[in-house]
Amino acid sequence: MNNSTSRYPMVSYEDAPLEVQAIYDDTKKTLQLPFVLNWFKCQGDNATLLSGNWNKLKSTLMEGEVPNVLKQLIIYNVSKERGCNYCSHAHGIFADSMSSMISDTEDFKATEHLNSPSMPVSYRTAVNVVTKAALNHKNINDSDFEELENAGFNKKEIQELMAQADLVNMLNTIADVSGIKIDNELLETLE
């Protein structure tokens, strides 16, 4: 496989059927991007799969009570630990674009300060516990849930955080098995 292709057909917006274009439009609107990410394009020839995966991503990552920047940091960290280049790069860009929600220090990049004192303890705890859940869910125990509660998360937020472990596994699997590369538009738009 060469660097410019995917193992799945990459369906551009222009070549997509109307049903897929509608999903693409929703991804652009929800993610506030002027283009369709490669992660979606590699699923564009299967509207049923694309719709299901987008709905899961949208509700798990973009909705709920846990701040999106924390969810992005979790997905970035798990993806980096697992070696999923597409997801670690993309979600690192998204997390860093929201860094001002964590610190008003000039040039602060959340991805570079995951374990620093400038990162809230609750965020560090959530990133560590959910990364553990994503990488080896059988090692999660009651003390991990207690740690999240002690960091200030309520039961609903903890359930939402743990859902990120499942989501990132889906994101990484699709990105890695498809062989997609980071979007040039994403690099140009947000960095």
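**Close-up views of an all-helical predicted model**

Buried residues account for 49% of the 191 residues in the protein, which is shown here as a predicted model.

**View 1. The overall fold has nine helices and zero strands.** Read from the start of the sequence to its end, the elements follow the pattern α-α-α-α-α-α-α-α-α. The radius of gyration is 17 Å, close to the 16 Å that the globule rule gives for 191 residues, so the protein is as compact as a globular protein of that length. Taken along the principal axes, the box filled by the C-alpha atoms is roughly 50 × 40 × 30 Å. Among contacts with a separation of 6 or more, 65% are made by residues that stand 24 or more positions apart.

**View 2. One cavity of 30 Å³ or more is held within the structure.** The space in this largest cavity comes to about 120 Å³, and its lining is made up of 13 residues, with Leu37, Trp39, Leu57, His91 and Phe94 lying nearest its centre. The elements that give two or more residues to this lining are α2 (38-41), α3 (47-62) and α5 (85-97), and of the elements it is α5 that gives the most, with five residues. Sorted by class, the lining of the largest cavity consists of eleven nonpolar and two polar residues, with no charged residues.

**View 3. The largest pocket has a volume of about 210 Å³.** Eleven residues line this pocket, and those closest to its centre are Leu31, Gln32, Phe94, Ser97 and Met98. At least two lining residues are supplied by each of α1 (18-31), α4 (68-82) and α5. By class, the lining of the largest pocket has six nonpolar and five polar residues, and no charged residues. Phe94 thus appears in two of these views, being listed among the residues nearest the centre of the largest cavity and among those closest to the centre of the largest pocket.

**View 4. Serine 88 is placed in helix α5.** With a relative accessibility of 13%, serine 88 counts as buried, because the limit for that class is under 20%. Its side chain reaches the backbone oxygen of asparagine 85 at 3.3 Å. When neighbours within four places in sequence are left aside, serine 88 is in contact with Tyr76, Ser79 and Lys80.

**View 5. Threonine 131 lies in helix α6 (residues 121-135).** The relative accessible area of threonine 131 is 7%, and the residue is therefore buried. Not counting residues up to four places away in sequence, threonine 131 touches Asn77, Val78, Glu81 and Ala126.

**View 6. Threonine 30 belongs to helix α1.** At 21% relative accessibility, threonine 30 counts as partly exposed, because buried would require a value under 20% and exposed a value over 50%. The side chain of threonine 30 reaches the backbone oxygen of aspartate 26 at 2.8 Å. Setting aside residues up to four places away in sequence, threonine 30 touches Trp54, Lys58 and Met62. The C-alpha atoms of threonine 30 and aspartate 166, which are 136 residues apart along the chain, are separated by 21 Å.

Notes: Residues numbered from 1 in each chain as written. Predicted model: local features only at pLDDT ≥ 70, side-chain atom pairs only at ≥ 80, totals over all residues. Heavy atoms only, no water. 1 Å grid on protein atoms, 1.4 Å probe; cavity = no way out; pocket = protein on both sides within 12 Å on 5 of 7 lines; lining within 4 Å. Points joined across faces, edges and corners; volume = space filled by probe spheres on them. Helix = DSSP H or I, 4+ residues; strand = E, 2+ residues; numbered from the N terminus. Nonpolar A, V, L, I, M, F, W, Y, C, P; charged D, E, K, R; others polar. Buried < 20%, exposed > 50% of the residue type's maximum accessible area, 1.4 Å probe, protein only. Polar contact = N/O pair within 3.5 Å; in protein donor to acceptor, adjacent residues only side chain to side chain. Contact = heavy atoms within 4.5 Å. Rg over C-alpha atoms; globule rule 2.2 N^0.38 Å.
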